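Me: I would like a close look at how helices pack against one another in this model. Please take one helix pair in detail and then set it beside other parts of the chain.

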Amino acid sequence: QEPFVADEYIERLAWRTPGGGSRGGEAFDPKRLLEEFVNHIQELQVMDERIQRKVEKLEQQCQKEAKEFAKKVQELQKSNQVAFQHFQELDEHISYVATKVCHLGDQLEGVNTPRQRAVEAQKLMKYFNEFLDGELKSDVFTNSEKIKEAADIIQKLHLIAQELPFDRFSEIKSKIASKYHDLECQLIQEFTSAQRRGEISRMREVAAVLLHFKGYSHCVDVYIKQCQEGAFLRNDVFEDAAILCQRVNKQVGEIFSNPETVLAKLIQNIFEVKLQSYVKDQLEEHRKSDAEQYLKNLYDLYTRTTNLSSKLMEFNLGTDKQTFLSKLIKAIFISYLENYIEVEIGYLKSRSAMILQRYYDSKNHQKRSIGTGGIQDLKERLRQRTNLPLGPSIDTHGETFLSQEVVVNLLQETKQAFERCHRLSDPSDLPKNAFRIFSMLVEFLCTEHIDYALETGLAGIPSSDSKNANLYFLDVVHQANTIFHLFDKQFNDHLMPLISSSPKLSECLQKKKDIIEQMEVKLDMGIDRTLNCMIGQMKHILAAEQRKTDFKPEDENNVLIQYTNACVKVCGYVRKQVEKIRNSMDGKNVDTVLMELGVRFHRLIYEHLQQYSYSCMGGMLAICDVAEYRKCAKDFKIALVLQLFDTLHALCNLLVVAPDNLKQVCSGEQLANLDKNILHSFVQLRVDYRSARLARHFS
């Protein structure tokens, strides 16, 4: 038995044999164990021989059965071939009989068809005679339940009557036409009644009969009219229309043989009657009195109509349903879309002007005219070249005349205008219309608001020699920067998708570039003049606070201050301005303006120090002042500015160094590359310069 392990088998055999191990204290007996192994081997050999004989017997039996099975398979193959031959013979016989039957059927049909036509003609002649006699006796005409058969007959008689000459058969033709009309009316009435009862099968039967009548279209009209009864009871005509079309779409295929035509006619009726009158009522009310409400209603109605059209695209309306629905929408809105952009631009212009005027009124500000004449252009060119204030300075009392609320309102109005433009403009006119809206935004946001604020801010910058001047232009810069980020975001988010694939793209980008450059020129000019004012304020502080005795004290041994009062006030003023610049600008502009201020600050201090004579103790005090200025310069975080003040600090060392060490100091790392005239100019500031010893050492 599996699993078989020989070692375990021998162990079990030895364990069962008495004397085969140390079980229970028995002594080990190898002879008995050997004898048991020999006997067990003999038993295994006998068992093996018996099993081998059994295997041979089974193999012989298997071979015998295989031969019998092969013989049986051959017999079955022979009988299968015989059956297949019989099947082929039967198939050929069936084909022969079928051919004969088809031929016989064709012969019978050839005989029966003329016979049926003759019978049909005979019946029609019989009914025709009844009309000729003027009395309809046949049951098919008198029995109202046989209206279907009567309709079939009268329809055929009506076709025949149309071929007859009018002069001989005018009376009978009129009788047939009258009966044709009566039956047509009865069928339509029956269809109407069945529709009201909701009997779909009866409607289908009547519609099938009416299909060959001229009044079939009237049947469709009746169906469409009754479908709409009670369908438009809610306020949302578009949702009602969608629900109605969905319901009719499920039903119309069970009634009419051409359901797509009937459904298309229903949709056409809804658009031309219900929707057109609804749109007209909603728009005409505000068309001349309220442009804002008119544009909102037009956008909303057009959007809801196109959404309804998208839902109707799911239905089978024929081959070109996209064109069909587009024509229906165009027929409703064409009179409103033709002049849409003019209304949009007119509203945007008046609305933007009102927003700006309302803001300036809230500030009690009478907007001054900037002017565009020749004199103004000349002033502008002169101002750009000379950077001088032309005209009197205006006190703005700290007002920037820039408002984020105004900007948000203008951008919101323009955003809505772009959305309406995208929806309501013809694709070919979309880029052109979007550009006109963008031009309105540029005019009112950039020119009338931002540019006006910049002009006013420039006029409000005091001259550089003004005392205690309040500098508000950096606030204008900060707000203009924030506003222009919003303007740029709307340009990218709402205008670019409308013009990205049209020639208007380059025109818009150029217009945007021009307005940016125009503003940057004025911002640069204002910042430059503001920096001049800052330097002017520092000059006033130095002139008022710095005394000649600061650097040439009367008592050299009794100097108690670490740095002068002028230095303290200048550094305090500079730190405030640095912080203000950082808060007013972003990106690389901060570093650019701070570098310019730092360079001018350094030049001011350099020239200021050149005005005094320095004793030994005064020179030490000057070094302390410059060290404080250098500490202040570190707040700029501009390497060039710090380097300039480091060099200035090294120059001040020339004011106190011993005469014997002057050459060594001048050849030091920081001063070695400076012009000798600069070094000489600082050495000349020493009180002891005229001594022969100092002049000799420096030469």
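Reply: What follows starts with the chain as a whole, goes on to two helix pairs, and ends with some single residues.

The model is a predicted one. Its protein chain has 24 helices and zero strands. Of the 699 residues, 38% count as buried. Among contacts between residues at least 6 apart in sequence, 75% join residues at least 24 apart.

Two packed helices are described by the angle between their axes and the distance between the axes. For helix 12 (residues 340-362) and helix 14 (residues 404-424), the angle is about 175 degrees and the axes are 10 Å apart. Angles over 145 degrees count as roughly antiparallel, so helix 12 is roughly antiparallel to helix 14. On the helix 12 side, the contact is made by Tyr-340, Glu-344, Tyr-347, Leu-348, Arg-351, Ser-352, Ile-355, Leu-356 and Tyr-359. Helix 14 contributes Val-406, Asn-409, Leu-410, Glu-413, Thr-414, Ala-417, Arg-420, Cys-421 and Leu-424. Sorted by class, this contact has eleven nonpolar, three polar and four charged residues. An α-helix has 3.6 residues a turn, so residues three or four places apart point the same way.

The second pair is helix 21 (residues 639-652) with helix 23 (residues 676-683), which pack at an angle of about 50 degrees with their axes 9 Å apart. That angle makes helix 21 oblique to helix 23. Here Leu-648, Leu-651 and Cys-652 of helix 21 meet Ile-678, Leu-679 and Phe-682 of helix 23. By class, the contact has six nonpolar residues, with no polar and no charged ones. Two of these helix 23 residues, Leu-679 and Phe-682, are also on the list of buried residues in helix 23, together with Ser-681 and Val-683. The N-terminal end of helix 23 is capped by Asp-675, which has a side-chain oxygen 2.7 Å from the backbone nitrogen of Asn-677.

Next come single residues in other helices. Thr-306 lies in helix 10 (residues 291-312). Its relative accessibility is 16%, so Thr-306 counts as buried. Not counting residues up to four places away in sequence, Thr-306 touches Ile-329 and Arg-423.

Gln-251 is in helix 8 (residues 237-255). With 23% relative accessibility, Gln-251 counts as partly exposed. Leaving aside neighbours within four places in sequence, Gln-251 is in contact with Ile-200 and Tyr-223. With Tyr-223 there is a polar contact between the two side chains, at 2.7 Å. Gln-251 and Leu-263 are twelve residues apart in sequence, and their C-alpha atoms are 10.0 Å apart in space.

Last, the cysteines. A disulfide is a covalent bond between the sulfur atoms of two cysteines. A search of the whole structure finds zero disulfides. For Cys-227, the closest cysteine sulfur is that of Cys-245, 9.6 Å away, which is too far for a bond. Cys-227 counts as buried because its relative accessibility is 5%. Cys-508 is buried as well, with a relative accessible area of 0%.

Note on methods
Residues numbered from 1 in each chain as written. Predicted model: local features only at pLDDT ≥ 70, side-chain atom pairs only at ≥ 80, totals over all residues. Heavy atoms only, no water. Axes fitted to C-alpha atoms, helices over the stretch in contact; angles between N-to-C directions. Helix = DSSP H or I, 4+ residues; strand = E, 2+ residues; numbered from the N terminus. Parallel < 35°, antiparallel > 145°, perpendicular 65-115°, else oblique. Contact = heavy atoms within 4.5 Å. Nonpolar A, V, L, I, M, F, W, Y, C, P; charged D, E, K, R; others polar. Buried < 20%, exposed > 50% of the residue type's maximum accessible area, 1.4 Å probe, protein only. Disulfide = S-S within 2.5 Å. Polar contact = N/O pair within 3.5 Å; in protein donor to acceptor, adjacent residues only side chain to side chain.
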